[in-house]
Amino acid sequence: MTKLFRFEYRRLFRQKSFWIFMAVAAALAFLSLKLIELATNITSDMNDVDTYFGIGYTGAEAFRNATSLGNIDTVIAIVAAIFVCSEYSRGTIKTVVSTGFSRCKIFTAEFLVSMTASVLVFVASSISAFVFGSIFWGIGKFNAELWSAVLLQLLIVISLTAIIYMFSKAVKKTAAAIAFGIFAPQITALLLKIADAAIDSEKFRLSDYWLSGCLSDVQATSPLNMNIFDIINGTSANLTSELAIRVIAVSAVYMAAAFVFGIIIFRRQEI
């Protein structure tokens, strides 16, 4: 198993696309922050509002919002799809299977390496957001809620990666896997919102139990993403224990489902 992990990590780190898209995530975070910095310099009224309500851009808050600033979900969809599907296009998977490792072990090793890739992309974007956010507006303050929000977003990103990994193993085609990873979460979120509108219930929303919905709910707790009128009325969102538990539970379920169904698909797959 150790040899298998070494092989998969070596394959990941030797892929130029992995490093390129990690840099892309970091660059997107910088560009997003630069646009915000230019906007806040031009629009003095916005700075006045931020100062009055104590809601300012800082390195800490940029770090908290790195997932959206760096479009991490999109970047990871591309990274995971290329990493998984390249072993089919290059015939690497046949070599690995022929070495005698069970398909369960092969799937598990590649699954965990894909999760590692998503974590590294997340870290690269987060560090970029923190560094440039600190340069533009100062470091800011880190607190328990901020760290909780960051870790919950990372958990959601890992779970999304698991789903993309499962689909990539199923289709074995890079283009189809990338398209799925980019558009499927968005389309699913849109359909669930339409369903929520049809149900019209204040106590139950289907979108609460989809990863994109959970990600949006966590991101909404950041002062930078709150509606200023909600803040004035004292109805701003908070990172509650209920939200944290829901995010952890939903992410765990999707991750486990992706792992189980992925193994079933890979075991029956013709290579």
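# Spaces and salt bridges

The largest cavity is lined by Ile76, Val79, Ala80, Phe83, Ser114, Ala117, Ser118 and Thr161. Before going further, keep in mind that this is a predicted model.

So how much room is there? That largest cavity has a volume of about 30 Å³, and the count of cavities of 30 Å³ or more comes to one. Two helices, α6 (72-89) and α8 (103-137), each supply at least two residues of its lining. Helix α6 gives the largest share, with four residues. Sorted by class, the lining of this cavity has five nonpolar residues, three polar ones and no charged ones.

Now for the open space. The largest pocket has a volume of about 270 Å³. Its lining takes in 19 residues, and the closest to its centre are Asp73, Leu160, Gln186, Ser212 and Leu215. Several elements give two or more residues to that lining: α5 (66-69), α6, α9 (144-171), α10 and α11. Which helix gives the largest share of the pocket lining? That would be α10, with five residues. By class, the pocket lining divides into eight nonpolar residues, ten polar ones and one charged one.

Next come the charged pairs. How many salt bridges does the structure hold? There are eleven of them. Three of these involve Arg205 or Asp217, and they are set out here with the distance between the closest N and O atoms.

| Salt bridge | N to O distance |
|---|---|
| Arg205 and Asp208 | 2.5 Å |
| Arg205 and Asp217 | 3.7 Å |
| Arg246 and Asp217 | 3.0 Å |

Let's start with Arg205, which has two partners in the table, Asp208 and Asp217. The pair of Arg205 and Asp217 is worth following through the chain. Arg205 lies in the loop between α10 (174-199) and α11 (211-219), while Asp217 lies in helix α11, so this pair ties together parts that are twelve residues apart in sequence.

Asp217 also meets the side chain of Arg246 in a salt bridge. Here Arg246 belongs to helix α13 (residues 241-267) and Asp217 to helix α11, so the pair ties together parts that are 29 residues apart in sequence.

Are these side chains buried or exposed? Both Arg246 and Asp217 are buried. For Asp217 the relative accessibility is 17%, and it counts as buried because that value is under 20%. Asp208 is buried too, at 11% relative accessibility. Arg205 is partly exposed, because its 35% falls between the 20% and 50% cut-offs.

Elsewhere, salt bridges that share partners join Glu8, Arg11, Glu87, Glu110 and Lys169 into one network.

Finally, a word on the cysteines. A disulfide is a covalent bond between the sulfur atoms of two cysteines. How many disulfides are there here? The count comes to zero. Two cysteines show contrasting surroundings: Cys104 is partly exposed, with a relative accessible area of 29%, whereas Cys214 is buried, at 0% relative accessibility.

To recap, the model has one cavity of 30 Å³ or more, a largest pocket of about 270 Å³, eleven salt bridges and zero disulfides. If you have the structure open, Asp217 is one residue to look up, as it pairs with Arg205 and with Arg246.

Definitions and conventions: Residues are numbered from 1 along each chain as its sequence is written. This is a predicted model: local features need pLDDT of at least 70, side-chain atom pairs count only at pLDDT 80 or more; totals for chains, interfaces and linings use all residues. Side-chain values use heavy atoms; hydrogens and water are left out. A disulfide is a pair of cysteine sulfur atoms within 2.5 Å. Buried means under 20% relative accessible area, exposed over 50%, partly exposed in between (1.4 Å probe, protein chains only). On a 1 Å grid over the protein atoms alone, a cavity is a set of points where a 1.4 Å probe fits but cannot get out, and a pocket is an open set with protein on both sides within 12 Å along at least five of seven lines; lining residues have an atom within 4 Å of a point. Grid points are joined across faces, edges and corners, and a volume is the space filled by probe spheres set on the points. Ala, Val, Leu, Ile, Met, Phe, Trp, Tyr, Cys and Pro count as nonpolar, Asp, Glu, Lys and Arg as charged, and the others, Gly among them, as polar. A salt bridge is a side-chain nitrogen of Lys or Arg within 4 Å of a carboxyl oxygen of Asp or Glu.
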